[in-house]
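Let's walk through a model together, one feature at a time. Have the 3D view open as you read.

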Amino acid sequence: MKKNVGTIALLAACGLGVAIGTTIRQWPPQILQAKASPAMAPQAPPNDGKLNIIVFGAHPDDAEYRGAGVAMKWAKAGHHVKFVSATNGDIGHWQSAGGPLAQRRLQEVQEVARRMGVTVEVLDIHDGEIMPTLENRKIITKLIRQWNADIVIANRPNDYHPDHRYTSILVQDSAFMVTVPFFVQDVAPLKKNPLFLYASDGFQRPNPFRADIAVGIDEVMEPTLDALLVMESQIHEGGANGYAGLMPDDAAGKQRRRDEVRKSLARRYAAGANQYRDALAKFYGPEKAKSIKYAQGFEICEYGRRPNQAELKQMFPF
Ligand SMILES: [Zn+2]
């Protein structure tokens, strides 16, 4: 299937395809990898007064695109950021699937995390098969509690991929429940409901995304792109909708493809700056907001903490 290069970088996130190869399903889902490297933050971050941020995505690349430059900015300031993939991504390629693909994608997101200075965890749930069950709600609730999260980020629940929809529902269903003492009693409840945020998207129904917060990421754009472009199985090879020849075999062709996807990805964050200029102005003032080239926007979920503008500035101290 031919696709224009501009859309591939945006749509390559997700798994659709034919499962082949070995299965790695375990029940209950096991953590494939708790940490990106021993040097990174442990599963429970230190109680050092820094912010704890957890970003959920359905597949091994979704949290990375949504965390991106903002995650790197938090991490550079010493805050503790964790990316979680709710599925193992084992059908997210047009040519390969199963355990080998899950392992390849795990290695890719580990390297992204290493470059961004964040922690990553991939749940061993099959790509294309996550459901909004009570068991999964408990898993997501525990992850948020274990991270002692101040901020939780996920996609909105109206999204084109069922795994995206149900991951978002599971995160929504964990809002408030993370504070309830007698729900999931083996991990202590949070004392405060975190700020739950939706990452931006272009879906219009039932309601379009609204940027309550926008963060300029110009100063980390290049290292963020360097990190995201590590996910070659998705971004260069096209993920589940790729095809033979998309990533050429020769060195010059490979470089051409890498340059194309880098520009395409940069355009995505540049579009954010243009679309969320009003929200940028609220945070940075109108003059500085005009000069921002790359940005990410977030919408506040009504089910979490509802911070005022002063509190938001503490949570986005950039
Ligand atoms: Zn996805």
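What follows is a short tutorial dialogue on reading this predicted model.

Q: Before the details, how many helices and strands are there in the protein chain?
A: The chain has 11 helices and seven strands. Buried residues account for 48% of its 318 residues. Among contacts between residues at least 6 apart in sequence, 80% join residues at least 24 apart.

Q: How should I read the sheet, and in what order do the strands come?
A: The general idea: strands of a sheet pair through backbone hydrogen bonds, either parallel or antiparallel. Here, seven strands make an open sheet with mixed pairing, in the order β3-β2-β1-β4-β5-β7-β6. β3 (119-122) and β6 are the edge strands, and each pairs on one side only. On average, neighbouring strands of the sheet are turned by 25 degrees against each other, direction ignored.

Q: Which helix packs on that sheet?
A: Helix α2 (residues 62-76) does, touching β1 (52-57), β2 (80-85), β4, β5, β6 and β7. The direction of α2 makes about 175 degrees with that of β2.

Q: Where can I see parallel pairing, and where antiparallel?
A: For parallel, go to strand β4 (residues 151-154), which is joined to β5 by four bridges. Ile153 is a handy marker, as it stands opposite Leu197 in β5. For antiparallel, move along to β7: strand β5 (residues 195-199) pairs with β7 that way over three bridges, with Tyr198 partnered by Glu299. On the other side of the pairing list, strand β6 (residues 213-216) and β7 are also antiparallel, over four bridges; there, Gly216 has Ala295 as its bridge partner.

Q: Is β7 mostly covered or mostly open, and how many of its residues are buried?
A: Mostly covered: in strand β7 (residues 295-300), five of the six residues are buried. As a general point, side chains in a regular strand alternate between the two faces of the sheet.

Q: Back to α2, then. What should I look for in a helix?
A: Try length, bend and burial. α2 has 15 residues and reaches 21 Å from first C-alpha to last, close to the 21 Å expected at 1.5 Å a residue. The helix also bends by about 70 degrees at Ala68. As for burial, 14 of the 15 residues of α2 are buried. After the helix comes Gly78, with a positive phi near 90 degrees.

Q: What is the phi of Ala68?
A: Positive, about 40 degrees, although Ala68 is not a glycine. Ala68 counts as buried because 28 other C-beta atoms lie within 10 Å.

Q: Where else does a residue other than glycine have a positive phi?
A: Look at Val184, with phi near 55 degrees. Val184 sits in the loop between α5 (162-174) and β5. Val184 has 18 C-beta neighbours inside 10 Å, so it counts as partly exposed.

Q: Why does the length of α3 agree with what a helix should span?
A: At 1.5 Å a residue, the 18 residues of helix α3 (residues 99-116) should span 26 Å, and the end C-alpha atoms are indeed 26 Å apart. The buried residues of α3, including Leu101, Leu106, Val109 and Met116, pack against α2, β2, β3, α6 (221-228) and α7 (232-235). Just after α3, Gly117 has a positive phi of about 80 degrees.

Q: Which residues of the largest nonpolar core touch the most other members?
A: Out of 82 residues in that core, they are Ile54, Ala71, Val152, Ile153 and Ala295. α2 supplies the largest share, eight residues. Leaving out neighbours within four places in sequence, Ala71 contacts Val55, Val81, Met116 and Val118.

Q: Is Val81 buried or exposed?
A: Buried, because 29 other C-beta atoms lie within 10 Å. Val81 lies in strand β2. Beyond residues up to four places away in sequence, Val81 touches Ile53, Val55, Gly67, Ala71, Trp74, Ala75 and Val118. Val81 and Leu51 are 30 residues apart in sequence, yet 8.2 Å apart in space, C-alpha to C-alpha.

Q: One last feature: where is there a cis peptide bond?
A: Between Arg205 and Pro206, with omega near 5 degrees. You'll find Pro206 in the loop between β5 and β6.

How values were computed
Residues numbered from 1 in each chain as written. Buried ≥ 20, exposed ≤ 12 C-beta atoms within 10 Å, placed from the backbone. Helix = DSSP H or I, 4+ residues; strand = E, 2+ residues; numbered from the N terminus. Pairing = 2+ DSSP bridges. Axes fitted to C-alpha atoms, helices over the stretch in contact; angles between N-to-C directions. Contact = placed C-beta atoms within 7 Å. Expected span 1.5 Å × (residues − 1). Core = buried A, V, L, I, M, F, W, Y, C linked by C-beta atoms within 7 Å. Bend = angle between axes of the 7 residues up to and from the residue.
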